[in-house]
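Please take a moment to look over the sequence and the structure below. The paragraphs that follow lead through a few places in turn.

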Amino acid sequence: HGDKVEAAWQRFGANGKLPPGDTLPASAFNDFYKWTMMPVIRRLEKKTGRIQCTFSANIRDKELNAALLDSAKQDPPGALFQELTNGLKELSQRHFDVPLFQRACDDTGLSWDAETFREVCGADTPRSMVQELDLDPKGTRRLPTKPSDVLVQAFIGVDVKTGQERLFVEATGPWHRVTWLETSMMQVIYESFFRRRMRERYGEEDEHWYAKWLADAFLRGARSVLAAGQSKMRGIIMTGRRTGGLALMLLQGMFIHSSLKDAAGNCLSLGTSSVTAHYWLKDAGVTGELLPPVGGTHAHELSMVSSAVFAELDNKAGVPLSQIISHMLYFLHSRPQGDVRDASRKVLMPILPDTLGSKAFFRTAQHLKIPFGPHKGDPILSVVGAARQDSGSLEAFASLARSFGFGGSLMASEVEVPSNLMDASALGYNTFGAGGFFGDSEKAWSKDGSNISMAIKVLVVHVDGQRTAVDPVKTGDPTAGGEGKFEADGLMSSERLEALKARTKLMQEAEAKLSVEEMQSLFETAFT
């Protein structure tokens, strides 16, 4: 396969980047779920008004967080902050590759209308990802000057959750446009840390150490492929953020898709979440077993924005009804198109129930029915093909789902070490999704390995210029110790934070205030 590897690699220099003068497309570090969620995003925007979202980075690595803050405080700012801001500035040079977006929709049966293409990609000329940059460490959060624009900011503030200063890196704009910044911005932050760490480790510049690192990453990836094959589960590469770059993603996709097999030689690969990797490989002449198809589910973003937009319905119900609304909108308007009577189409309808804890999701969903269409009156859970475990315990999630009568497939997507795969398989999971496990993660095969931990979530929502009364929150499922995470905006007042914590606890308990009939009636108002 040397000629295909060379064809894939020829876009990149020895440092793993595109050559000077070439720019990455807007799609570069975006997962397929961004495409599948767009019909739902557009539906909600038309129903509720102009939705602006703020995606905010949470750098969990304390050492790197402190290093970035220190660099931002220097006068002039230090090298790490400069590298970060250079990456953020480069986002404004990335444009939407309209033909690639059209191919992705056509090839996967997604129903983007002409207006959506114009709003996302631009009308006469391809739109850039970012229209406004505010990278002043002494600045403060604000909305874009023009409501239709996307603003990227980097500024120092005090996080209300910790009482400590940190650098806030955020993107704000119309939901259908700023959504493409979530994983793209995360990759910029990650790569700033990653390349700094590798330069220190190897004592060399990027064009010298990158090939050495790539070889190590592939050795880790090869071990992970063998472990995944032994699990006998089918899996997808969830790549595109916290990665060594697009060069790795292309080569990784070819290798895993052609190598992930069971003992009988059957392919276990479900493909890649990277739309760009798929089409760049295809355009390089890669075909057959080396070309991973595009695949994926959807993301917490959908449930988190819905929780802010439909907060009043949740208050009336006493349960996180918004979580079910967002999933039902996906069922009706994304790939399932509201019809999975052909059992083979159920694979198009996943659920990601752990935004406020999976128990709250299942407790809320158990009595609700499909509001209209060929499945009208059917239980919500009856049209679901797979339930995705993304936090907490594999065993607890499987037990919980089955206790509520869910009979579909189970997917494990929190794969960090080989034992996670073996445990999932033994518990009856059918599929898995993994990203860093296939090469980027040093912890996958070494207990002494160190990964760069971070996340970006949508934490603030404005509708028609007004901040929603309730902010998005993500807790995930509890760990073995009974604790879940609490991801929320760090710049709200302490009073607002305490009120949000109290409300979140009520939503997690999911004690309904209404009868089953009243709940169904309230649920259906979201679709009129």
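Is Asp390 buried or exposed? In this predicted model, Asp390 has a relative accessible area of 17%, and because buried means under 20%, Asp390 counts as buried. Along the chain, Asp390 sits in the loop that runs between strand S8 (386-389) and helix H16 (394-403). Its side chain takes part in two polar contacts that can be followed on the display: one joins the side chains of Asp390 and Ser413 at 2.7 Å, and another joins those of Asp390 and Arg388 at 3.5 Å. Once neighbours within four places in sequence are set aside, Asp390 is in contact with His300, Leu352, Asp354, Ser413 and Glu414, and Ser413 is thus named both here and in the polar contact of 2.7 Å.

From this loop we can turn to the sheet. Six strands form an open sheet of mixed pairing, and their order is S2-S3-S4-S1-S11-S12. Strand S2 (132-134) and strand S12 (466-467) stand at the edges, and because each has a single partner strand, one side of each is left without a neighbour in the sheet. Within the sheet, S3, which covers residues 151-159, pairs with S4, which covers residues 164-174, in the antiparallel sense and over nine bridges. One position to look up in this part of the sheet is Val158, whose bridge partner in S4 is Glu165.

Across the sheet lies helix H8 (residues 182-202), which crosses strand S1 (51-59), S3, S4 and strand S11 (454-463), and which runs at about 145° to S11. From its first C-alpha to its last, this helix of 21 residues reaches 30 Å, close to the 30 Å expected at 1.5 Å a residue. Of the 21 residues of H8, 16 are buried, so the helix is largely enclosed by the rest of the structure. The residue that follows H8 is Gly203, and its phi is positive, near 65°.

Next comes the stretch of chain that leads into the edge strand S2. Gln131 is placed in the loop between helix H6 (114-121) and S2, and with 31% relative accessibility it counts as partly exposed. The side chain of Gln131 reaches the backbone nitrogen of Val150 at 2.9 Å, while a polar atom of the same side chain of Gln131 lies 2.8 Å from the backbone oxygen of Ser128. Not counting residues up to four places away in sequence, Gln131 touches Asp149 and Val150. Between Gln131 and Ser148, which are 17 residues apart in sequence, the distance in space is 9.3 Å from C-alpha to C-alpha.

The last topic is the aromatic side chains. The structure holds 24 aromatic pairs. In the pair of Tyr202 and Trp209, the ring centres are 6.3 Å apart and the planes stand at 10°, so this pair is stacked. Tyr202 is partly exposed, with a relative accessible area of 22%, whereas Trp209 is buried, with a value of 0%. Phe361 and Phe362 give an edge-to-face pair, with 5.8 Å centre to centre and 80° between the planes. Phe361 is buried at 2% relative accessibility, and Phe362 is buried as well, with a relative accessible area of 0%. Elsewhere to look, one aromatic cluster is formed by Trp35, Phe96, Phe101, Trp112, Phe117 and Trp180.

Note on methods. Residues numbered from 1 in each chain as written. Predicted model: local features only at pLDDT ≥ 70, side-chain atom pairs only at ≥ 80, totals over all residues. Heavy atoms only, no water. Pairing = 2+ DSSP bridges. Helix = DSSP H or I, 4+ residues; strand = E, 2+ residues; numbered from the N terminus. Contact = heavy atoms within 4.5 Å. Axes fitted to C-alpha atoms, helices over the stretch in contact; angles between N-to-C directions. Buried < 20%, exposed > 50% of the residue type's maximum accessible area, 1.4 Å probe, protein only. Polar contact = N/O pair within 3.5 Å; in protein donor to acceptor, adjacent residues only side chain to side chain. Expected span 1.5 Å × (residues − 1). Phe/Tyr/Trp six-rings, centres within 6.5 Å; stacked < 30°, edge-to-face > 60°.
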